[in-house]
Amino acid sequence: MCCLLFSLMPPEIVGAKMEPGRLYDSVNILLSLYKNGGLAAWEPVTAPKWLEMFNPTEFFANTIVEHEVSVSLFFTMAGVFQSFSFSVFHNGWRYVECTASAIQALVLFKKLYLGHRKNEIHNCITNVVRFIEDKQMPDGSWYGSWGICFTYGTWFALGGLAAAGKTNKNCLAIRRGVEFYSNHREMMVVGERAMPLVRMRSNLVQTAWALMGLLHSRQAERDPTPLHKAAKLLINSQMEDGDFPQQEITGSFMKNCMLHYATYRNTFPLWALAEYMQNCISLSSVGEKLK
């Protein structure tokens, strides 16, 4: 996706475009990870389950091969402890994040390179959109595997659906995803935890995810107020040296553990503010909207 976006930018800024053949190879890999549903993370589902016996770790369960697993999820949202139990994906792991990202890349690739596996790309996008819609949780969210958790997965899902041409008007899944974000205790001051806490507070990384998710849903066309609120929180939280404060861990790995990604605290707030500037308001009105 980055290489495709770079190809649209001036070469004096980003360098020469990547050769089309290498982009074709990338698309071929994405299509190889797709089979009757979403996309796997590393390889098609072919390896036998007994290879899990060679797992050298004590805490990364079910990570050696791609296969079907039933899991129980426990999380807190707006101070409410909830649980879900469900069978993750039929015939192997399929990830909302990988699938939604692939949609965005394939849609842009199809616009720029019309001749390469056009029909296969079209069929893949159509089917994986259906997969994302089917994997939506009862509360309107999606489960994320590399971030905590439903806030993270929902951002990816809304981005993938929007890239495929879905909108708040023609897609129930997007409307339910927006409703999930709206049901926070204070809309766009987002805090989600892997474990229940006595007192909830906002988390800048998760607020950034929710801000970008709502931008994908064209929230600015309906009511930009929560977007301005989120942007104001992010801007006012930046420290004097330009850094953002490190809060609770927001990274995770394969439903096994929480991970500290040190760059999350800067990457996502800055990314969200850039998207906000591009999609929500003009430069001339920034100061007025953020007062």
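Which helices each supply at least two residues of the lining of the largest pocket? I would like to start from that question this morning, and before I answer it I should say that what you have in front of you is a predicted model.

Let me first describe the chain as a whole. Along its 291 residues, of which 45% are buried, the chain has twelve helices and five strands. If we take the contacts with a separation of 6 or more, 64% of them are between residues 24 or more positions apart. On the outside, the chain exposes about 15000 Å², and carbon and sulfur atoms supply 56% of that area.

Now to the pocket. The helices I asked about are α1, α4 (96-112), α6 (150-163), α8 (204-216) and α11 (264-279), each of which gives at least two residues to the lining of the largest pocket. Among these, α4 provides the largest share, with eight residues. The volume of this pocket comes to about 1200 Å³, and 36 residues line it, with M1, L5, Q104, H216 and W271 lying nearest its centre.

L5 deserves a moment longer, since we meet it again on the surface. This leucine sits in helix α1, which covers residues 2-6, and its relative accessible area is 39%, so L5 is classed as partly exposed. Together with M1, L8 and L112, L5 forms a nonpolar patch on the surface, and the accessible area of the four residues together is about 340 Å². M1 and L5 therefore appear in two lists, as members of that patch and among the residues nearest the centre of the largest pocket, a statement that rests on how pockets and their linings are assigned.

Besides the pocket, there is an enclosed space to mention. A search of the whole structure finds one cavity of 30 Å³ or more, and the largest cavity has a volume of about 90 Å³. Its lining consists of 15 residues, of which V205, Q246, E248, T250 and R265 are nearest the centre. Helices α8 and α11 each give at least two residues to the lining of this cavity, and both of these helices also appear in the pocket list I gave earlier.

Finally, I would like to turn to a loop residue, N55, which is found between α3 (20-32) and β1 (70-77). Is N55 buried or exposed? Its relative accessibility is 17%, and because the cut-off for buried is under 20%, N55 counts as buried. Leaving aside residues up to four places away in sequence, N55 touches F60, A61, N62, T63 and I64.

Note on methods: Residues are numbered from 1 along each chain as its sequence is written. This is a predicted model: local features need pLDDT of at least 70, side-chain atom pairs count only at pLDDT 80 or more; totals for chains, interfaces and linings use all residues. Side-chain values use heavy atoms; hydrogens and water are left out. Helices (H or I, at least four residues) and strands (E, at least two) are DSSP runs, numbered from the N terminus. Buried means under 20% relative accessible area, exposed over 50%, partly exposed in between (1.4 Å probe, protein chains only). Contact means heavy atoms within 4.5 Å. Patches are made of residues with over 30% relative accessible area and no salt bridge: like charges are joined within 9 Å, nonpolar side chains (Val, Leu, Ile, Met, Phe, Trp, Tyr) within 5 Å. Accessible areas come from the Shrake-Rupley method with a 1.4 Å probe; for residues, only the protein chains shown count as cover. A salt bridge is a side-chain nitrogen of Lys or Arg within 4 Å of a carboxyl oxygen of Asp or Glu. On a 1 Å grid over the protein atoms alone, a cavity is a set of points where a 1.4 Å probe fits but cannot get out, and a pocket is an open set with protein on both sides within 12 Å along at least five of seven lines; lining residues have an atom within 4 Å of a point. Grid points are joined across faces, edges and corners, and a volume is the space filled by probe spheres set on the points.
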